[in-house]
Amino acid sequence: MIRTFGLVSALALATALGGCASMPGFGPSSGSDMPPLPASAAAPAEYARDTHTYARPEIAHVRHVALDLTADFQARTLSGTASLDINGVPGADEIVLDVKNLDIRNVTDAAGAPLQYETGANDPIKGQPLTVRFPALTAGETRRIVVAYSTRPDAAALQWLTPSQTAGGQKPYLFSQGQAILTRTWVPTQDSPGIRQTYDARIAAPEDLRVVMSAQQLTPEGEAAGPGLKAWRFRMTNPVPPYLIAIGVGDLAFAAIDERTGVFTEPSRLEAARAELAPTADMVDAAERLYGPYRWGRYDLLVLPPSFPFGGMENPRLTFATPTIIAGDQSLVSLVAHELAHSWSGNLVTNATWNDMWLNEGFTVYFENRIMEALYGRDRALMLASLGWGDLQDEMAGLPPADTRLHLDLEGRDPDEGLTDVAYEKGAAFLFTIERIVGRERFDGWLKGYFERNAFRPMTTELFLRDIRTHLIAGDAELERQLMMDAWIYQPGMPSNWRPPVSGAFGPVDAAARAFFADKGPASAIPWAGWSTQERQRFLAWRPEGAQGGADWLTAAQLADLESSLNLRDEGNAEVLFAWLQIAVQHRYQPAVPTLEHFLTTQGRRKFVLPLFTSLWAEGDWGRPIARRIYAQARPGYHPVTTGSVDAVVGRP
Ligand code: BES
Ligand code: ZN
């Protein structure tokens, strides 16, 4: 390791300054007197230590990243430079960055003079620290360092697709997925959600492809960049956590929805995507009416090839989405409401560490539901909430109690392990509960203020508690008692003030499910054709109570009846198909295996793929050979995020 010159005095100085009070963005929010757009904001060390970064932002932190990279589809690398603008306490003479699986060529100052640097030991989760030395900073000084590097072909954030993995079949494709801690596999920076950075980029790529990023496009048509290449420039002037730096490169076309919304995807899919996602425009309007102005300019979507490992990813200005939401009937657009809501909960007010992911995801599920209610009414919103509650109960049943608390301690674990319905649905349930107790109007007033007061700042559970106690509870001891906030956050399971959503609209569905599943009636009696996707999901969420062969267990004849009556072999809605395949696998229903195989080899969304492989695996002698066979075929098409999870279940073929 590099010896740390000046570090001791830098730390002493930071302490003397009273934490980091002199730096923009540091320290708990003091409310409306804070500047609206601090140049940078790092999590104050005294109450939010991010154990998933090597960075020591209290000494020196990155405030701006400038990327100059070339995408090489033959070598499957992005290579070039990342120039980092650094601020720190006076006397700071080094900065620690996060890198994982990067080839570092050299590090220089802005003038090109070499700087001393060293990479430390590799941790399988966190990667390596990259420590760069420079002459000590003086007060208020910004220092630029330039890291020349190249990504590796197996960078976990990047998926390089062959033409055959795209809809068009003619051109290759590249996309990134940064959350939670994968940005360090393609950008050498301080990869912690509490360390906000503005960024700009110039990306050179083959001239027949278009580059998009989570930032403003400065070159809508690209510009010449040498033989066979075009360059595309971007700028993000709002400080963002590094997990929101994102790129897509491919044969992309664009269609506008309204003046500020639109969709990018491959040309052959453009019209279907635009038609499906048309409600986006109204969603942005509805979101603004609820919780204040949309602060990112445009809101576009990029509909990715089917290997995209998530449903959606809230990259600023450009949500990335799975093509499995293009159902043909706009029935899965709640995903857009979700990713859009992150433009407030997550992208404006950001979890300072992954231990508090509920602050991103729980707030977002709540906000998503409010957008859906605004567009589609109370019944639809209640159905969605009710499906979420069902998912949460299923998931919690299989989790250790400690992991059913909202505030987690993920030290030493992959932050992905916090990615459960607890963060999403228990988080949202907490907010629904506060809303019920204080009333909607008062709750909305507080939530809107919370986004304003904390915009562009890192948030922790402790800061959240401070904010809600100051601005909503305001010393009302009876209200404090009723809310049971400490139980929600720090205790396992659901507190006693939780009232599950009751959706009267599901009554007929539940009756039909009882008639078929429990009373063994004919599938022809199920009024399937008249049901919405949410009603179909509810119906198929049914699970046998007992073991195989028990009273609730379905026979092969019943499954065949269900499959043919509901025409499940030709089901085009990915959520419905997934729910059916779960039932089929759990009953070892062999005739569904070709449908299963097709589903698992034509999309790579982890939410679908992982549970199905897990269910197959649980079916021992019957399921494991099927899992191994299908996975050997499917794995080359999956994103590293998905293979990483499935490998842990099925093993590497
Ligand atoms: N931000 C998440 C995706 C994510 C979370 C990626 C943590 C990596 C680590 C995104 O907003 C999300 O929640 N996506 C969901 C869809 C949503 C409608 C619940 C998904 O991908 O399934
Ligand atoms: Zn989310």
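This is a short tour of a predicted model, with a suggestion at each stop for what to select next.

**Stop 1: the zinc site**

Start with ligand 2, the zinc ion, and show the side chains around it. Three protein donors sit 1.9 to 2.1 Å from the metal: NE2 of His 338, NE2 of His 342 and an OE of Glu 361. Read along the chain, these donors follow the spacing H-x3-H-x18-E. Because His 342 belongs to the loop between helix 4 (334-341) and strand 21 (349-351) while Glu 361 belongs to helix 5 (residues 357-376), the pair ties together parts that are 19 residues apart in sequence.

Turn on a surface if you like: are His 342 and Glu 361 buried or exposed? His 342 is buried, at a relative accessible area of 0%, and Glu 361 is buried too, at 2%.

**Stop 2: Asn 360**

Now select Asn 360, which is also part of helix 5. This residue is buried, with a relative accessible area of 0%. What does Asn 360 touch, leaving aside residues up to four places away in sequence? The list runs Gln 179, Tyr 243, His 342, Ser 345, Gly 346, Val 349, Thr 350 and Asn 351. You have already met His 342 as one of the zinc donors.

**Stop 3: under helix 4**

Next, colour helix 4 and the strands it lies across: strand 18 (299-303), strand 19 and strand 20 (318-321). Helix 4 runs at about 125° to strand 18.

Widen the selection to the whole open sheet, five strands in the order 16-17-18-20-19 with mixed pairing. At its edges are strand 16 (253-256) and strand 19 (312-313), each pairing on one side only. Zoom in on strand 16 and strand 17 (residues 261-265): they run antiparallel and are joined by four bridges. Phe 254 is the one to click here, as it stands opposite Phe 264 in strand 17.

**Stop 4: strand 9 and its partners**

Move to strand 9 (residues 173-176) and show its side chains. In a regular strand, side chains alternate between the two faces of the sheet. Here, Tyr 173 and Phe 175 point one way, Leu 174 and Ser 176 point the other way, and all are buried.

Which strands are joined to strand 9 by bridges? Strand 8 (residues 158-161) runs antiparallel to strand 9, with four bridges between them; look for Leu 158 opposite Ser 176. Strand 15 (residues 247-250) is antiparallel to strand 9 as well, with two bridges, and there Leu 174 stands opposite Val 249.

**Stop 5: helix 12**

Finish at helix 12 (residues 507-518). Its twelve residues reach 16 Å from first C-alpha to last, close to the 16 Å expected at 1.5 Å a residue. Select Val 509, Ala 512, Ala 513, Phe 516 and Phe 517, which are buried. They cover an arc of only 110° around the axis, so they are on the same side of helix 12. An α-helix has 3.6 residues a turn, so residues three or four places apart point the same way.

What covers those buried residues? The cover includes helix 13 (533-540), helix 14 (556-565) and helix 15 (574-586). Rotate to the face turned away from the buried side and you will find the exposed residues Pro 508 and Arg 514. One last click, just after helix 12: Lys 520 takes a positive phi of about 60°.

Notes. Residues numbered from 1 in each chain as written. Chains lettered and ligands numbered in written order. Predicted model: local features only at pLDDT ≥ 70, side-chain atom pairs only at ≥ 80, totals over all residues. Heavy atoms only, no water. Donors = N, O, S within 2.8 Å, 3.2 Å for Na, K, Ca; no water. Buried < 20%, exposed > 50% of the residue type's maximum accessible area, 1.4 Å probe, protein only. Contact = heavy atoms within 4.5 Å. Pairing = 2+ DSSP bridges. Expected span 1.5 Å × (residues − 1). Arc of directions from axis to C-beta. Axes fitted to C-alpha atoms, helices over the stretch in contact; angles between N-to-C directions.
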